[in-house]
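I opened the model to look up the ligand site first and the overall fold after that. My entries follow in that order.

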Amino acid sequence: MMDALRYDFDYTWPWTLGHLLVAIVFVLLTALMWRAGWPRWRAVVTGVLAVWALAGACIVHGPMRFNRPMDLPTDRFLASGAGRVLDAGAGSGRSALMVLLARPQSTVTALDLFLEGYGIGDNTPERLRSNARIAGVEGRLEVKSGDIRDMPFEDGSFDAVVSVAAIDHLNAEGVRKSLAETRRVLRPGGELLLMVVNPDWYTRFAFPLFASHGYFGGRGAPERWRAAVDEAGFEIVEIGTAPASLCVLATRPAE
Ligand SMILES: C[S@@+](CC[C@H](N)C(=O)[O-])C[C@H]1O[C@@H](n2cnc3c(N)ncnc32)[C@H](O)[C@@H]1O
């Protein structure tokens with residue numbers, strides 16, 4: 001949990017502090033209503049909302065890891081521990097650090113357009129590098145600016161690709177293009193670990209208004225992602241979940 005204070009992935013305050021602020025407001029309201037002798041049911045309602053907001057804050061900073069490197073959801077990813085890995089849509093570094101910390105013989109190329117509007121305030125290569133420095137892994141990180149739908153790499157350049165909470169922000173055509181590009185830049189036999197926002201109970205509880213998350217979210221999301229990865233020419237090895245994430249491990253078949 002101390003990691004949340006070491007790193008700064010710069011997810012903006014509504015995501016990281018929103019629940020806490022709501023909790024403070026409702027705790028104060030509850031106390032005021034109680035003291036002023038308002039009908040008890042009103043204080044009970046605001047009290048319940050305060051508890052919800054506190055629990056939401058715990059989920060955001062606990063299992064959802066908003067300000068910590070992500071946890072590798074499967075030991076089967078890059079089991080050799082070594083290889084050249086691409087992080088497609090790396091942002092401020094939670095996913096690149098997930099690989100660099102869990103697989104100490106790997107190198108990561110972080111690819112991103114570093115766009116605004118994805119929840120990261122200062123989404124820049126400098127912020128990503130700074131988080132890698134804090135983790136002590138900056139020597140194994142390369143940062144490149146580019147589009148995951150049209151990747152600036154030769155065919156077969158990588159042993160593995162990860163993508164966390166990035167491809168699922170694209171429309172259906174963008175998802176198709178980025179998965180096709182992922183397959184192209186992977187060597188035959190290379191691995192894809194795709195993590196997308198999953199409308200599981202963590203997501204629904206903490207962010208009830210955002211739980212459906214785009215074309216590939218909502219009901220039937222696992223089947224839609226399985227079909228998209230399959231149609232892009234991958235062999236699916238494993239589909240699992242992590243808190244708030246659907247995780248698909250697949251390989252580019254050896255030719
Ligand atoms: C929600 S952030 C996730 C970042 C990181 N993977 C994480 O888990 O914290 C989504 C990232 O995808 C990037 N992105 C969105 N569309 C992109 C595209 N077409 N090409 C490259 N990056 C893109 C955004 O700039 C943003 O940094």
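I listed the shell of the ligand and found 21 residues around it, counting a residue as near if one of its heavy atoms lies within 4 Å. The closest are Tyr 11, Gly 89, Arg 94, Asp 112 and Val 164. The shell divides into 11 nonpolar, six polar and four charged residues; Tyr counts as nonpolar and Gly as polar here.

This is a predicted model, in which local features need pLDDT of at least 70 and side-chain atom pairs pLDDT 80 or more, while totals for chains, interfaces and linings use all residues. Residues are numbered from 1 along each chain as its sequence is written, and side-chain values use heavy atoms, without hydrogens and water.

Next I looked up polar contacts (pairs of N or O atoms within 3.5 Å). A ligand nitrogen lies 2.9 Å from a polar backbone atom of Val 164. For Ile 148 the distance from a polar backbone atom to a ligand nitrogen is 3.0 Å, and for a backbone N or O atom of Leu 113 it is 3.3 Å. The protein covers 98% of the 600 Å² of accessible area that the ligand has on its own (Shrake-Rupley, 1.4 Å probe).

For the fold I noted nine helices and seven strands, as DSSP runs of at least four residues (H or I) and at least two (E). The C-alpha trace spans about 75 × 40 × 30 Å along its principal axes.

Key
A polar contact is a pair of N or O atoms within 3.5 Å; within protein, one must be able to donate a hydrogen and the other to accept it, and residues adjacent in sequence count only if both atoms are side-chain atoms.
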